[in-house]
Amino acid sequence: MARRIGAGLGALALGVAVTIGSPTAALAVQAANMIAYQGDDYGTLFKNNPNGGQVTVYACDKEQDGNGVYVQVKWSGGGTYGKVGDGNGSAEGCGKGVLNGYADSIRVCEDDLGDDSCGTWRNTYP
């Protein structure tokens with residue numbers, strides 16, 4: 001029982017540190033319409049209009065591995081993709097882009113050697 005309480009307090013302390021250290025990133029994850037991960041890297045999507053048509057996408061590189069990170073957006077109807085990258089690498093802050101279209105799902109990819117490593121497509125809402 002004591003172990004569970006200690007682990008819970010540690011997680012709580014970590015959550016507070018993340019919020020204090022990076023309030024913009026923490027808020028971006030909490031209110032997003034879609035969230036996707038690839039390792040520690042993540043992407044979020046916000047619908048700018050409840051009926052769709054325009055979205056704001058954040059790509060967040062959280063790994064100091066030298067690989068660039070980007071988020072792909074799959075549009076309803078399939079076949080075409082939007083893309084937003086994190087231009088400052090793993091430095092503080094995330095890349096941001098506003099795209100026009102009706103988003104169906106997102107995934108996070110790392111620009112690494114060979115074919116890029118990508119997480120799974122996500123279309124679930126938190």
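What follows is a walk through the fold, the strand pairing, the cores and the cross-links of this chain.

The model is predicted, and its chain holds two helices and eight strands. Read from the start of the sequence, the order is α-α-β-β-β-β-β-β-β-β, so to put it casually, helical business is done before the strands begin. The chain has 126 residues, and 36% of them count as buried. Its accessible surface comes to about 7,400 Å², with carbon and sulfur atoms supplying 53% of that. As for contacts with a separation of 6 or more, 55% are between residues 24 or more positions apart.

Strand β3, residues 53–60, is a handy place to start. Six of its eight residues are buried, so the rest of the structure largely encloses this strand. On one side there is β2 (residues 41–47), which runs antiparallel to β3 and is joined to it by six bridges. Leu45 has Val57 of β3 as its bridge partner. The two strands make a hairpin with five residues between them, and Gly52 in the turn takes a positive phi of about 95°. Strand β3 also pairs with β6 (residues 95–101), again in the antiparallel sense, this time over seven bridges. Here Val57 turns up once more, standing opposite Gly97 of β6. Val57 thus has a partner in β2, namely Leu45, as well as one in β6.

A further piece of strand architecture involves β4, β5, β7 and β8. These four strands form an open sheet in the order β5-β4-β7-β8, with antiparallel pairing. The edges are β5 and β8 (117–118), each of which pairs on one side only. Within the sheet, β4 (residues 68–75) and β7 (residues 103–111) are antiparallel and share eight bridges. Lys74 sits opposite Ser105 of β7.

Moving on to the packing, the largest nonpolar core has 15 residues, and the members that touch the most others are Leu45, Val55, Val57, Val73, Leu99 and Ile106. Strands β1 (34–38), β3, β4 and β7 each give two or more residues to this core. The top contributor is β4, with four residues. A second, separate core has six residues, including Tyr42, Phe46, Tyr58 and Cys60. Back in the largest core, Leu99 gives a feel for the surroundings: setting aside neighbours within four places in sequence, its contacts are Gly53, Gln54, Val55, Val57, Val73, Trp75, Gly82, Lys83 and Val84.

The aromatic side chains were searched too, and the whole structure yields three aromatic pairs. One of them is Phe46 with Tyr58, an edge-to-face arrangement at 5.7 Å centre to centre with 85° between the planes. Phe46 belongs to strand β2 and Tyr58 to strand β3, 12 residues apart, and the pair links distant parts of the chain. Phe46 and Tyr58 are both buried. Tyr81 and Trp121 form another aromatic pair, but a stacked one, with 5.5 Å centre to centre and 20° between the planes. This pair also links distant parts of the chain, Tyr81 lying in strand β5 and Trp121 in the segment after β8, 40 residues apart. With a relative accessible area of 47%, Tyr81 is partly exposed. Trp121, at 26% relative accessibility, is partly exposed as well.

That leaves the disulfides, of which there are two. Cys60 is joined to Cys94 with an S to S distance of 2.1 Å. The torsion about their S-S bond is about 110°, so this disulfide is right-handed. It links distant parts of the chain: Cys60 is in strand β3 and Cys94 in the loop between β5 (81–85) and β6, 34 residues apart. Cys60 is buried at 0% relative accessible area, whereas Cys94, at 25%, counts as partly exposed. Cys60 also belongs to the second core mentioned above.

The other disulfide pairs Cys109 with Cys118, the sulfur atoms again 2.1 Å apart. With 110° about the S-S bond, this link is right-handed. Cys109 has a relative accessible area of 0% and is buried, while Cys118, at 29% relative accessibility, is partly exposed. Counting bonded cysteines along the chain, the disulfides follow the pattern 1-2, 3-4.

Conventions:
Residues are numbered from 1 along each chain as its sequence is written. This is a predicted model: local features need pLDDT of at least 70, side-chain atom pairs count only at pLDDT 80 or more; totals for chains, interfaces and linings use all residues. Side-chain values use heavy atoms; hydrogens and water are left out. Buried means under 20% relative accessible area, exposed over 50%, partly exposed in between (1.4 Å probe, protein chains only). Two strands pair if DSSP finds at least two bridges between them. Contact means heavy atoms within 4.5 Å. Accessible areas come from the Shrake-Rupley method with a 1.4 Å probe; for residues, only the protein chains shown count as cover. A disulfide is a pair of cysteine sulfur atoms within 2.5 Å. A nonpolar core is a set of buried Ala, Val, Leu, Ile, Met, Phe, Trp, Tyr and Cys residues joined through side-chain atoms within 4.5 Å. Rings of Phe, Tyr and Trp (its six-membered ring) pair if their centres lie within 6.5 Å; planes under 30 degrees apart count as stacked, over 60 as edge-to-face and the rest as tilted.
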